[in-house]
Amino acid sequence: MLLHAFPLNARMWEGQLALADRGWRVIAPHFRGFDSGDGDPPAQSVDDYAGDVVDLLDALHIHEAVVGGLSMGGYVAFALLRHAARYIQGLILADTKAPADTPEGVEGRKRMIELVGSKGPAAVAEEMIPKLLGETTRRTRPEVVDRVRALATSSSAEAIAGALRALMTRPDATPQLPTIHVPTLVVVGEEDTVTPRAAAEEMHRGIAGSELVVIPAAGHLSNLEQPAAFDAALARFLDHRV
């Protein structure tokens with residue numbers, strides 16, 4: 001179960017669907033309102049997204065899953081651990097972090113809510129792309145920049161605003177780290193400035209027995225920027241740890 005980043009959607013995981021060739025069933029849901037929306041009201045918390053994931057697992061009659069989340073998807077994975085840990089047989093935390101938003105971070109989210117309300121998703125995409133993608137990707141891979149822009153502009157302003165409210169009100173997951181006892185992979189892009197290597201190392205230290213993989217020449221969206229290295233890390237973890 002692969003959970004997507006903000007302000008993208010589940011299509012960011014298209015490259016990882018090939019893990020099915022190794023015998024894994026790969027599911028990548030859109031969070032409510034993303035990718036043109038589904039008619040549901042916008043989320044108010046990460047728990048709303050986690051509840052939707054549980055509903056999907058139940059509808060598919062899936063009782064255990066390896067849950068992987070990148071950025072916002074990682075925050076939703078922590079929410080699943082809080083409320084429905086019985087579903088999780090393995091955990092992948094990619095380009096995410098445990099702590100809640102700082103006061104400065106909350107103010108930044110509020111400014112972005114105003115931005116999406118006044119200028120729409122395209123304005124949010126243009127502001128975020130320099131943060132989402134590493135310097136190497138922005139300099140050498142314009143097709144990835146275009147892909148991220150397309151993903152970020154495919155959702156409604158209401159969905160983006162709801163996600164921002166969920167992000168800025170999420171609880172600190174740091175106290176959860178020592179309670180995680182499933183196989184865990186922590187992945188971070190070497191050039192990630194949003195949730196940098198130090199945040200990944202904090203999670204790695206806090207989760208006993210976890211594995212840390214640093215993806216060279218990747219920023220915050222390591223699965224899109226360096227898919228071969230990202231997929232190799234996931235395949236090793238799924239084949240040998242879970």
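The paragraphs below lead through the salt bridges, one helix, one loop residue, and the open and enclosed spaces of this structure.

The model is a predicted one, in which local features need pLDDT of at least 70 and side-chain atom pairs count only at pLDDT 80 or more, while totals for chains, interfaces and linings use all residues. Residues are numbered from 1 along each chain as its sequence is written, and side-chain values use heavy atoms, with hydrogens and water left out.

A convenient place to begin is with the charged side chains. Taking a salt bridge as a side-chain nitrogen of Lys or Arg within 4 Å of a carboxyl oxygen of Asp or Glu, the count comes to 15 salt bridges. One of them pairs Arg109 with Asp101, at 2.7 Å from N to O, and another pairs Arg170 with Asp101, at 2.8 Å from N to O. The second of these pairs links distant parts of the chain, 69 residues apart, since Arg170 lies in the loop between α7 (157-168) and β4 (184-189) and Asp101 in the loop between β3 (88-94) and α3 (103-119); helices here are DSSP runs of H or I with at least four residues, strands are runs of E with at least two, and both are numbered from the N terminus. As to exposure, buried means under 20% relative accessible area, exposed means over 50%, and partly exposed is in between, with a 1.4 Å probe and protein chains only. Arg170 is buried at 5% relative accessibility, Asp101 is buried at 14%, and Arg109 is buried with a relative accessible area of 17%.

A further salt bridge joins the side chains of Arg149 and Glu126, at 2.6 Å from N to O. Arg149 belongs to helix α6 (residues 142-152) and Glu126 to helix α4 (residues 121-132), so this pair ties together parts that are 23 residues apart in sequence. Arg149 is partly exposed, with a relative accessible area of 27%, and Glu126 is also partly exposed, at 43%. Asp101, Arg109 and Arg170, by contrast, are joined into one network by salt bridges that share partners.

Helix α6 also has a buried side, made up of Val144, Val145, Val148, Leu151 and Ala152. Seen down the helix axis, these buried residues fall within an arc of 130°, so they line one face of α6, the arc being that of the directions from the helix axis to the C-beta atoms. The elements they pack against are α4, α5 (135-140), α7 and α9 (222-225), where contact means heavy atoms within 4.5 Å.

Pro42 offers a view of a loop, the one between β1 (2-3) and α1 (46-59). Pro42 is partly exposed, at 30% relative accessibility, and its C-alpha atom is separated by 9.8 Å from that of Ser156, although the two residues are 114 residues apart along the chain. Leaving aside neighbours within four places in sequence, Pro42 is in contact with Arg32, Glu158, Gly162 and Arg165.

The spaces in the model can be considered next. They are found on a 1 Å grid over the protein atoms alone, where a cavity is a set of points where a 1.4 Å probe fits but cannot get out, a pocket is an open set with protein on both sides within 12 Å along at least five of seven lines, and lining residues have an atom within 4 Å of a point. Grid points are joined across faces, edges and corners, and a volume is the space filled by probe spheres set on the points.

The largest pocket holds about 470 Å³ of space. It is lined by 22 residues, of which Gly105, Arg109, Met128, Lys131 and Val194 are the closest to its centre. Helix α3 gives the most to this lining, with six residues, and α2 (72-84), α3, α4 and α7 each supply at least two.

The second largest pocket holds about 260 Å³, and among its 16 lining residues Met1, Trp24, Arg25, Val26 and Val66 lie nearest its centre. Strand β2 (65-70), β3 and α10 (227-240) each give two or more residues to this lining, with the largest share, three residues, coming from β2.

Finally, the structure holds one cavity of 30 Å³ or more, and the largest cavity has about 40 Å³ of space. Its lining consists of Tyr75, Phe78, Arg82, Lys97, Ala98, Arg170, Pro171 and Ala173.
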